[in-house]
Amino acid sequence: MAFFANVKSALSGDTLILTSSRNPALERVFSLAFVSAPRLSKDGDEPFAFQSREFLRNLAVGKTIQAKVLYTIPGSGREYGTVSFQDGTELPEAAVKAGWLKVREDAGRKEESEEVLERLQKLRDLETVAKNDFLGLHAASNGFIAVQNDLGGPEFMNEWKGRTVDGVIERVISGDRLLVRLLLTEKKHWQVMTLIAGIRTPSTERVTNGQTQPAEEYGNEARSFVETRLLQRQVKIKIVGASPQGQLVAAVIHPRGNIAEFLLQEGLARCNDFHSTMLGADMAALRAAEKQAQEKKLRLHKHHVAKASGGGAQDMTVTKIVGADTIFVRNKAGAEKRISLSSVRGPRAGEPSEAPWREEAKEFLRKKLIGKHVNITVDGSKAATDEFEARDVATVVQNGKNIGLQLVQEGYCTVIRHRKDDTDRASNYDELLAAQETAKEEKKGIWSGKAPKVKQYVDMSESVQKAKLQVSTLSRQRKVPGIVDFCKSGSRFTILVPREGAKLTLVLAGVRAPRAGRNPQEKGEPFGQEALDLANKRCLQRDCEINVYDIDKVGGFIGDLYVNRESFAKILVEEGLATVHEYSAEKSGNAAELLAAQKVAKEGRKGLWHDWDPSQDAEEEAEAAPESSAEAPVTIDTKPQDYRDITVTYVDPNTGRLKIQELGKSSTALTTLESEFRKFHSDPKNNVAIKENPKAGDYVAAKFTADGLWYRARIRSNDRAAKVAEVVYIDYGNSEKQPWSKLRALDQPQFTVQRLKAQAIDAQLSFVQLPQAPGYLNDAVEFINELAAGIELVGSFDFIDTKENLNWITIFDPSAKGSGKPTESLNREVIRSGHGMVPKKLRPWERSKVFEPVLKDLTEAMVAAKQERLGMWEYGDLTED
């Protein structure tokens, strides 16, 4: 009996699995008559068994043949016969001729057919030739190939991971699970369960504990798809890793391409996120194939709903950092919304290994984003739950860098494992997974296995007593770096001062802002909410600088707040959301700036001044005139004749204030002390380091970097993490940062301030207001240094402010031309060169009649500088309304 069939597979060198060309599900086992082949077995293959099977597999699998049944074994029903191919090749003759089959010795003993006997003789003749030529099974070499049925230890992956090898698909269990024989060496093969990398297909029908588990939808179809194309085909296997269960994970490369891509394109598989890190860049092609099937709604994706377009990237500004994965952003129209970063999750409070990193991760994001312009691409939205409100999830890019990716790279966030049907994910999801694996390997952040050092802040505004302890330290410093942690109102803020480890309430000096309601139900003062909104918009979570002048009755610190080097008090007043308190503004030294800002707000009818009447100011000024004179406790009737020899040792680049030394007995004593001081510290036995944890205010000996000499100094502040102190040289006024290890104790009685007080004296030029703009202020400081630094000068002490410990002086250079004239001073040179101006609002003592000639001369010098467009006047009079 003859019939046509397709060859599905070869079980051994003499047996085939055939399928009906009309119904592929119908299979039959067909063995070649009169011959035998070595057996393949789980317990070990016989010699040449694989080679014999390979000959038959390469010749027959996938082809249509004509099979002729010669006889059937009773009982088993196994059919034996011959096979003919369309090109004329005959089996078993071709296999015997090649030496891969042996003719059975008992073949034909009971056979009477001449035709069969003739065929048997032909087979024996072909076998004799093969033996004589040492072909196939008859070769002199050992045909044994060892087969290992598992991966063994890590050595396998160490050697073969990332390499592409040859393999034969022995069995298809499901669409994504294969039994593969890896042809790694000539004498040893690995036959292992293999997962197709990057995909997951529906499960096929299986029997568990005697019960049949039905196949998932499209499971059998996926298996059939793979069987038809791969079963018993030799393919390329790219080894990418192993599953937690020890199964090989590999890309299976068919001559036409990666089988995973074809399954995805047909909608018979979904991408497997767990393999993403193994595949790396190759995962992108699989995602694209899956997307094609989703768009066509093929099979598994028949109910797919395309993600709504978010309208492309939007330019927004980050206004608040809620946590490492959540921020508030504001669009150009001013509308704010809350978004979460796509596919990443910040450290969780309930996870012991993650919780300690919450603050550091949030601070990392704050430094990166707060107040910055970003591109937002919405990837989806999350519905409201009992714990969370509804929010968008989005990809955030700043200066071309993906923020979510940076957080994962630094170990500050983990990647969310999405459900298989969850499309609200980051477009670079695979890159995020790869970054997380790298962070794990490098033990970064939450993967380090140890908690970070958490910055602790002491609330110095908790009580007046604590505030008093801190105010002396802060008031001696200028532009102290800090962070605006919270906005209580338009003029009250919670500030963190990292270098002092302090948290404090800052009250803006010189202004009063209306109070906002403490909750939406409470009604605040008019424009109070607007003032708070402006504070949140411009200041919240921003890096800042503060100047502290004093404390109030409840422990608040009174001072100035600078954000992006701009006074927020001035901004608040300019917007009409605060009024100037002249007395405190005068005291803090920013009255002129604030009053000018208030004038702008009034004239613009902004905020509180929306119904401003100019006539009201005239009446108030008339009423305030006698009050002002009463406020002036100092009126100088006789021009001071307090002249002293001085030298300018330092000009503060931030304020323009001077540090001076008086020449005479004190300077001689200082010279003697410094000579003994340096001799003392040149002796190695006096190399005594300071105590382990120095405090701000401690006196120390420090070697000045510029000249390498030792001077007396005092610690202004400490960076305890870096073990570095900022020291002020008390006899000269300048400062620098020095490691604790380079400082020495200043406890020798002959060198202390009790023996000789600090020689640097605070001073400021009388009748001169230096420019506020940083560029012009820098020019003014350089100009004063050129004229005064290191020169013996004469200082006229016009007024000594004992409360502020500040000397107001006029400086004369005795060697300069015209020095005999009382008006030819350094003060006048500063104004005449356009590096300063006569203040618009004079201090009470400056308004004394004895100084009128001096003021007149200085005003004329200022007018001349304006006309010549010198210095700060190069673009005209910026003080004009």
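**Helix α11**

I started with helix α11, which covers residues 429-441: its 13 residues reach 19 Å from first C-alpha to last, close to the 18 Å expected at 1.5 Å a residue. That expected span is 1.5 Å times one less than the number of residues in the helix. Helices here are DSSP runs of H or I with at least four residues, strands are runs of E with at least two, and both are numbered from the N terminus.

Ground rules before going on. I'm looking at a predicted model, where local features need pLDDT of at least 70, side-chain atom pairs count only at pLDDT 80 or more, and totals for chains, interfaces and linings use all residues. Residues are numbered from 1 along each chain as its sequence is written, and side-chain values use heavy atoms, with hydrogens and water left out.

Which residues of α11 are buried? I get Tyr429, Asp430, Leu432, Leu433, Ala435, Gln436 and Ala439. Buried is under 20% relative accessible area, exposed is over 50%, and partly exposed is in between, with a 1.4 Å probe and protein chains only. The spacing brought the usual rule to mind: an α-helix has 3.6 residues a turn, so residues three or four places apart point the same way.

The buried residues of α11 pack against α7 (276-279), α8 (283-296), β23 (344-345), α10 (403-409) and β27 (414-415). Just past the helix, Lys443 takes a positive phi of about 55°.

**Arg425, ahead of the helix**

Arg425 sits in the loop between β27 and α11. Buried or exposed? Arg425 counts as buried because its relative accessible area is 13%.

I checked its side chain for partners. One polar contact goes to the side chain of Asp273, at 3.2 Å. A polar atom of the Arg425 side chain also lies 3.1 Å from the backbone oxygen of Asp422. A polar contact is a pair of N or O atoms within 3.5 Å; within protein, one must be able to donate a hydrogen and the other to accept it, and residues adjacent in sequence count only if both atoms are side-chain atoms.

Leaving aside neighbours within four places in sequence, Arg425 has contacts that include Arg287, Lys307, Asp379 and His418. Contact means heavy atoms within 4.5 Å.

**Confidence**

I looked up pLDDT, the predictor's confidence in each residue from 0 to 100. The chain mean is 91, and 96% of residues reach 70 or more. Over residues 622-632 the pLDDT is below 50, and this stretch has one contact in the model beyond near neighbours in sequence. Where pLDDT is low, the predicted coordinates should not be read in detail.

**The largest nonpolar core**

The largest nonpolar core has 42 residues, and Phe493, Ile495, Ile546, Phe557, Leu561, Phe568 and Leu572 touch the most other members. Helix α14 (residues 568-574) gives the most to this core, with five residues. Such a core is a set of buried Ala, Val, Leu, Ile, Met, Phe, Trp, Tyr and Cys residues joined through side-chain atoms within 4.5 Å.

I followed Leu572 further: not counting residues up to four places away in sequence, Leu572 touches Gly490, Ser491, Leu508, Ala513, Ala531, Leu534, Leu577 and Ala578.

**Cysteines**

How many disulfides does the structure hold? Zero, taking a disulfide as a pair of cysteine sulfur atoms within 2.5 Å. Why no bond for Cys487? The closest cysteine sulfur, in Cys539, is 5.6 Å from that of Cys487, so the pair is too far apart for a bond. Cys544 is in no disulfide either, as its nearest cysteine sulfur, that of Cys539, is 8.1 Å away. Cys487 is buried at 4% relative accessibility, and Cys544 is buried at 5%.

**Backbone oddities**

Most residues other than glycine have a negative phi, and most peptide bonds are trans. I listed some exceptions.

- The peptide bond from Leu91 to Pro92 is cis, with omega near 15°; Pro92 is in the loop between β7 (90-91) and α2 (93-97).
- Phe767, not a glycine, has a positive phi of about 65°. This residue is in the loop between β44 (761-765) and α19 (774-788), and is buried at 2% relative accessible area.
- Arg869, not a glycine, has a positive phi of about 50°. Arg869 lies in the segment after α21 (852-867) and counts as partly exposed at 48%.
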